[in-house]
Amino acid sequence: PQAVSRLRCINWQLFRSRPTWAGCLHLPSRTVVADGVKFAAVMVTCLVLCPFSLAPMYDQPAAQSLSLFANLPGANRWLAALAMKDYHPFSSQVRFDLKTIAYAADSSEVVTQLRPAPDRFSFTETTTEYESEKNGYHQGIGLRVTWRNDGLYLADVFPGSPADKAGFKRGDRITKVNGHSIDSNTRHASRFLKGSGGQQFTVARNNQQLECKVTPGQVQERKPEYRFFEQHGQSIAYLRFDSFSTWLEPELKRFRKEAAKCQVQRIVIDLRANGGGRLWMAADMTSWLIGKDHSGKTILSYRYPLKYERRNTTITSSGSGNYPGAEKIAFITTDDTCSASESLINAVKVYRPVTLVGSRTCGKPWFMDTLQMGDESFSIISGEVLNARGESETQQGMRPDIRMAEDLTIAAGSSRDPLLKAAVEAVVR
């Protein structure tokens, strides 16, 4: 009604202000034109406002209801802003700045600019990139970095990645990127690692300065690594995997099957580089770790903002066959342990003794929904993840029980790895 009342205030006489137009185009009478334009304007307004207004009633993000406009030039910038303002759990802190939206280079910049202070995770990507990541690929260099007191170090180099082919090694200290010095005053220097063009790195290794040039390309995630061994008369299983991506599920199932067959109940799970992924996979892992006796019990729940509270979901344990569950579990964590990894730890600790070894986790107590908008995917913080006690992780991250820094001179997960040794001691004592 408000839109219609505004349309009625328009001076429709201006539409036929030039007599030559009427003579040349044989326009219909003033009343017919005015009524036709009014009708068209009202219909367009309804097409936009009705789905937008009714979206929460159907538990659908408002921006998703307007996805048919996503292929219009520049539309995704406005849809990204709308999604942040409507769907974000901190929407009251999202500043809907028209100037920022209008002059942003793309939707990714809009999301970055509008993110409220607690959110450093929401992002956009092309649908092609989104599908590639589900299959275990991403565009990049293939490095994991960590800050130490004296600079930026390489904590991991993905096998077969552009960085691996360029000669990077775990433990290298990056001193320059494209001629720019890297020190403690440039903590955001890791943004250089995500550039689309060739990058020139200067790294320090064994008191030498080495030049490495690398061009970002397609990086394949590492497959899960696991093994079984004896320590102090106890059977121990060790599992390391870098994400909760769907393509890894067959390997994770294979590990669970072999561990259950051997009835291994002391388990070390290495999440030092695991940035998260699918929460249902974390729920499956939780079900297995807590065992058959807790089948049907709550393990995780998703809590949306009040507007979309009907989307709230509770996940219960699906059981684990005949496996009784783990007696003791140790998780290896770093500041790259994030999202679904933290949810796994938070869910398991309700039912089983858990020890965290390493450093504080990243602090992401939220889940993210992905909204498909034309050829882009908006991954936006959507709500809070809670365990069976109704507890979420803190934004400051989960504090380790045994605090240790990675020794970057030793291969991660090897028998000499101090983090692994401490985790093994925690589950056997």
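This note goes through a sheet, the helices packed on it, a disulfide and two helix pairs in a predicted model.

1. Basis. The model is predicted, with local features needing pLDDT of at least 70 and side-chain atom pairs counting only at pLDDT 80 or more, while totals for chains, interfaces and linings use all residues. Residues are numbered from 1 along each chain as its sequence is written, and side-chain values use heavy atoms, with hydrogens and water left out.

2. The sheet. Six strands form an open sheet with mixed pairing, in the order β10-β11-β12-β15-β16-β19; its edge strands, each paired on one side only, are β10 (225-231) and β19 (402-403). Strands (E, at least two residues) and helices (H or I, at least four residues) are DSSP runs numbered from the N terminus, and two strands pair if DSSP finds at least two bridges between them. Between β10 and β11 (residues 234-240), which run antiparallel, there are seven bridges, and Glu230 has Ser235 in β11 as its bridge partner.

3. Helices on the sheet. Helix α10 (residues 249-261) lies across β10, β11 and β12 (266-270), at about 20° to β10, where angles run from 0 to 180 degrees between N-to-C directions and axes are lines fitted to C-alpha atoms, for helices over the stretch in contact. Helix α11 (residues 279-290) also packs on the sheet, touching β11, β12 and β15 (328-333), and its direction makes about 160° with that of β12; contact means heavy atoms within 4.5 Å.

4. α11 with α12. The axes of α11 and α12 (residues 340-348) are 9 Å apart and meet at an angle of about 30°, so the two helices are roughly parallel, a term for angles under 35 degrees. Leu279, Ala282, Met285, Thr286 and Leu289 in α11 meet Ala340, Ser343, Leu344, Ala347 and Val348 in α12, and the residues of this contact divide into eight nonpolar, two polar and no charged.

5. The disulfide. The whole structure holds one disulfide, meaning a pair of cysteine sulfur atoms within 2.5 Å, and it joins Cys338 to Cys362 with an S to S distance of 2.0 Å. The torsion about the S-S bond of Cys338 and Cys362 is about 60°, so the disulfide is right-handed. Cys338 lies in the loop between β15 and α12, and Cys362 in the loop between β16 (354-358) and β17 (366-373), 24 residues apart.

6. α5 with α7. Helix α5 (residues 75-87) packs against helix α7 (residues 107-114) at an angle of about 30°, with axes 8 Å apart, and is therefore roughly parallel to α7.

Definitions and conventions. Parallel < 35°, antiparallel > 145°, perpendicular 65-115°, else oblique. Nonpolar A, V, L, I, M, F, W, Y, C, P; charged D, E, K, R; others polar.
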